[in-house]
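Student: I'm new to this one and keep tripping over the labels. Could we go through it together and check how each label is earned?

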Amino acid sequence: MAEQTDKLIHAFSALADLGAEIAESRDFEEMVRSTLHVVLGALGLRRGLVAEYEREPALLRFVAAWGMGDDAPNMATFDAGRAELLCVGSGLLNLSETQTRPALPQQLGTELTATLVSLRVSLVAPLVVHGELVGLIALGGKATDEAFTAEDRDVIRTMAHHIGVGIHNHRLLREVERRADENRQLYNNLRGIYRDTVRAFAAAIDCKDKYTQGHSERVGKYAEIIARELGWSEEQIEGVAVGGYLHDVGKLVVERDIINAPYRIDAKQSSELNRHPAAGYEILAPIRHPDADIPLMAKYHHERIDGRGYPEGLMGDEIPPAAKVVALADSFDAMTTDRTYRRRKEFPDVIEDLRSNTGRQFASDVVIAFCRALLKEVDGTPRERRITRLLGKGYIEPELVRPLLVELIEELEARAHATAGNG
Ligand SMILES: [Fe+2]
């Protein structure tokens, strides 16, 4: 009696170990292998295997085997009808009774029964979870050649349940991962569609304004470069790029003649034109964008730090940071491209404009970031020359531009420093 109790205690402490294995193990096959060892060790068995049932194609895949010899197969076919039969019984099957119980080969199938008998398996425990077969454990005889006791069978049943739950959980996890992969792909597809739509919109906006071909696209690209230099997150960078592409979407509702006027427009026309930021906001606000600030970038891209912009005359930090970035990108492109009534500025004049308007029209940190990004390109640090390519060949002369940029950055930093000191 005392010996029997000892054996049970041993078996149940092994069960506790098994529980821990199933919970902690990340590698499924390793988990199955070590749980098989626990079962064999606890009951003093010579050999055993754990098979996972796969419905399509219907087969038992031997996930772990011990003491079965090197020639043992690693799977056996097993059809769905038999799987159902096994679930109904859900008890242990004693293979040494195959001669006396013809039902056994019917439950396991002649082929599997023959395979298991050739592997000298004497006991089979189906792994059934929520009424579905997930696999089976096949066990050889005891090292002592004693028969299985009723307690042994209880232990095997309980262990089979644990391993079954482990396999079931693993399957759920695989399913969750598969779905997550699918969702990721769907999400990426949607993002691709969103990006293409944004590009198409930008092209439509620029079509309306025949003198600013490619303006929206360039503003998107400049905005992205500035945001990256400011150290923003990838999501923020993508958001501000989209904001750049769409900043003038409100021009779609402004009369084409006003946008394309080859002369300075009058006050009435100008107030009509100045409706475009608010109109852009109205167009973009109902859309669910990946970045919620995108409509605000359209609305506030003509605001100025000194409060003299439009439509609301916001000042300083009242203007969303992304709108400040789009504002600079927009003005920079306007200065560096030819328009109907004027040619583009020479680069030293652009530098002068930035110097006098930083702190009035433009935010200082945004201008500094843009100058730094350009300086890096002039120095050849990034392999990809983005700003210089957008500006076109021959516009930037590195020897001339470099000292101007260095000087401007130093001056703006000193000014920012002094302001912070005063504050
Ligand atoms: Fe605009």
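**How the labels are earned**

Tutor: Sure, let's start with one pair: Glu54 sits opposite Leu59 of strand 2. Keep in mind that this is a predicted model.

Student: What makes strand 1 and strand 2 (residues 59–66) a pair?

Tutor: Pairing takes at least two bridges between the strands. Strand 1 and strand 2 are joined by 7 bridges and run antiparallel, so they pass the test for pairing. They also form a hairpin, with 4 residues between them.

Student: How many bridges link strand 1 to strand 6?

Tutor: There are 5 bridges between strand 1 and strand 6, and these strands run antiparallel. You can spot Val50 opposite Ile137 of strand 6, and Ala51 opposite Leu136 of strand 6.

Student: And how do you know that strand 4 and strand 5 (residues 123–129) pair?

Tutor: That one meets the cut-off exactly: at least two bridges are needed, and 2 bridges join strand 4 to strand 5. Leu93 has Val124 of strand 5 as its bridge partner.

Student: What joins strand 5 to strand 6?

Tutor: Here you have 7 bridges, with the strands antiparallel. Val124 stands opposite Ala138 of strand 6. The hairpin of strand 5 and strand 6 has 2 residues between the strands, and His130 there takes a positive phi near 50 degrees.

Student: In what order do the strands of the sheet come?

Tutor: The open sheet has 6 strands in the order 3-2-1-6-5-4, with antiparallel pairing.

Student: Why are strand 3 (75–77) and strand 4 (93–94) called edge strands?

Tutor: Each of them pairs on one side only, and that's what makes strand 3 and strand 4 the edge strands.

Student: Which helices pack on this sheet?

Tutor: Helix 5 (residues 110–118) packs on the sheet and touches strand 3, strand 5 and strand 6 (132–139). The direction of helix 5 makes about 155 degrees with that of strand 3. Helix 6 packs on the sheet too, touching strand 1 (48–54), strand 5 and strand 6. Its direction makes about 45 degrees with that of strand 5.

Student: Why is strand 1 called largely enclosed?

Tutor: A residue is buried if 20 or more other C-beta atoms lie within 10 Å of its own. In strand 1, 6 of the 7 residues are buried, so the rest of the structure largely encloses it. Strand 6 gets the label too: 7 of its 8 residues are buried, so it is largely enclosed as well.

Student: Is Ala203 buried, exposed or partly exposed?

Tutor: Ala203 is found in helix 6. Buried needs 20 or more other C-beta atoms within 10 Å, and exposed means 12 or fewer. Ala203 has 14, so it's partly exposed. For a sense of scale, Ala203 and Gly166 are 37 residues apart in sequence and 55 Å apart in space, C-alpha to C-alpha.

Student: Why are helix 6 and helix 8 called roughly parallel?

Tutor: Their axes come within 8 Å and cross at roughly 30 degrees. Angles under 35 degrees count as roughly parallel, so helix 6 and helix 8 get that label. Val198, Arg199, Phe201 and Ala202 of helix 6 make the contact with Val242, Tyr245 and Leu246 of helix 8.

Student: And what makes helix 7 roughly perpendicular to helix 15?

Tutor: Helix 7 and helix 15 pack at an angle of about 100 degrees, with their axes 8 Å apart. The range for roughly perpendicular is 65 to 115 degrees, so the label fits helix 7 and helix 15. Ile225, Ile226 and Glu229 in helix 7 meet Val366, Ala369, Phe370, Arg372 and Ala373 in helix 15.

Student: Which residues touch the most other members of the largest nonpolar core?

Tutor: That core has 49 residues, and Ala223, Ile226, Val325, Val326 and Leu328 touch the most other members. Helix 15 gives the most to this core, with 9 residues. Apart from it there's another core, of 43 residues, including Ala51, Leu123, Leu127 and Leu133.

Student: How is the chain divided into domains?

Tutor: Domain 1 covers 2–178 and domain 2 covers 209–422. Their C-alpha centres lie 68 Å apart.

Note on methods. Residues are numbered from 1 along each chain as its sequence is written. This is a predicted model: local features need pLDDT of at least 70, side-chain atom pairs count only at pLDDT 80 or more; totals for chains, interfaces and linings use all residues. Domain bounds come from an automatic or database domain assignment. A nonpolar core is a set of buried Ala, Val, Leu, Ile, Met, Phe, Trp, Tyr and Cys residues joined through C-beta atoms within 7 Å. Two residues are in contact if their C-beta atoms, placed from the backbone, lie within 7 Å. Axes are lines fitted to C-alpha atoms, for helices over the stretch in contact, and angles run from 0 to 180 degrees between N-to-C directions. Angles under 35 degrees count as roughly parallel, over 145 as roughly antiparallel, 65 to 115 as roughly perpendicular and the rest as oblique.
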